[in-house]
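Colleague: I should like to understand how the terms applied to this model are justified. May I put some questions to you?

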Amino acid sequence: MQIVPFDSRDGLIWIDGTYVKWNDAKCHVLNHGLHYASCVFEGLRVYEGKIFKLTEHTERLFKSAEILDLKIPFDSTEIISISNEIVKKQNIINGYIRPVVWRGSEIMAISAKSSTTHIAIATWEWPSYFSPEGILDGIRLTVADWVRPSPESAPTDSKAAGLYMICSLSKHKAESKGFDDALMLDYRNYIAEATGANIFFVKENALFTPKPDCFLNGITRQTVIGLAKKLNIEFYEDHFDLKFLEDCDEVFLTGTAVEITPVSCIDKYKFKIGKITKMLIEEFQKEVLI
Ligand code: PMP
């Protein structure tokens, strides 16, 4: 399949209050976001024309920006209504939305507090991962060399672009070794998450997930925990090291992009795609259409 580059597509992108043609949605090469990572973003999914958890994602966008000392020049109700509007304008039925906030080009130095803050929202058709056969075979992970930083060394509660530097490096390395993604440990050597998704384990029919104290408490993660509680699945949130994987039966990732994706192995540890994972996938598919 040929992928059309993201700067050469058709349609409209909303940027700083106006819709511009997709190919005209540009910012200057000397902007602070690009040079110093003063940039936060979001990822949302559209299911059957409706945005899943729009309020939660919008709240997180504002929180991420605030943590990075960026003041979005719109309020959250405006961003919610633009998000709904652009999905309609672009005729998106099953797709993805990418809001992004960055500091502008007035000052090219570390200190740039008086610079302007910009925001853009783009959306494109992107069908759910569930449909392609094969995802149920599970994906293969390998442990990354990079570890997630402590909350004292990075703004770990923010969906900040800068935090993805080690994610891309880890995922590239995993792919070059023939894996699909990397499992990242944290600064204490506890299991943290994958490069763009949270992780869950199933052991003797109980569900486990790492405590999100140095990485994103994903909105999909929170949704899945809610579904597990509704289904009366025993649930624990704690710190786990790699030894915990030894007798796990099932493992899966959660995230807006990956939805619920089963994991078939993490290096030498193998897992089956079992009934708890399948049950949660089924419930999640219903939930996104409510
Ligand atoms: N962790 C990271 C690093 C992510 O990029 C994402 C995707 N936003 C998640 C976890 C999952 O978050 P969510 O379920 O809110 O998409």
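Colleague: What makes Tyr164, Glu193, Ile219, Thr220 and Thr256 stand out among the 13 residues around the ligand?

Modeller: Of those 13 residues, these five come nearest to the ligand; a residue is near if one of its heavy atoms lies within 4 Å. This is a predicted model, in which local features need pLDDT of at least 70 and side-chain atom pairs 80 or more, while totals for chains, interfaces and linings use all residues. Residues are numbered from 1 along each chain as its sequence is written, and side-chain values use heavy atoms, without hydrogens and water.

Colleague: How do you know that Tyr164 makes a polar contact with the ligand?

Modeller: A polar contact with the ligand is a pair of N or O atoms within 3.5 Å. A polar side-chain atom of Tyr164 lies 2.4 Å from a ligand oxygen, so the definition is met. For Thr256, the distance from a side-chain N or O atom to a ligand oxygen is 2.6 Å. Lys159 has a polar side-chain atom 2.8 Å from a ligand nitrogen.

Colleague: Why is the pair of Phe208 and Tyr236 called stacked?

Modeller: The structure holds 14 aromatic pairs, that is, rings of Phe, Tyr or Trp (its six-membered ring) with centres within 6.5 Å; planes under 30 degrees apart count as stacked, over 60 as edge-to-face and the rest as tilted. The centres of Phe208 and Tyr236 are 5.2 Å apart and their planes stand at 20 degrees, so this pair is stacked.

Colleague: What makes strands S12 and S13 a pair?

Modeller: Pairing requires at least two DSSP bridges, and 4 bridges join S12 (residues 206-210) to S13 (residues 235-238).

How values were computed: Helices (H or I, at least four residues) and strands (E, at least two) are DSSP runs, numbered from the N terminus. A polar contact is a pair of N or O atoms within 3.5 Å; within protein, one must be able to donate a hydrogen and the other to accept it, and residues adjacent in sequence count only if both atoms are side-chain atoms.
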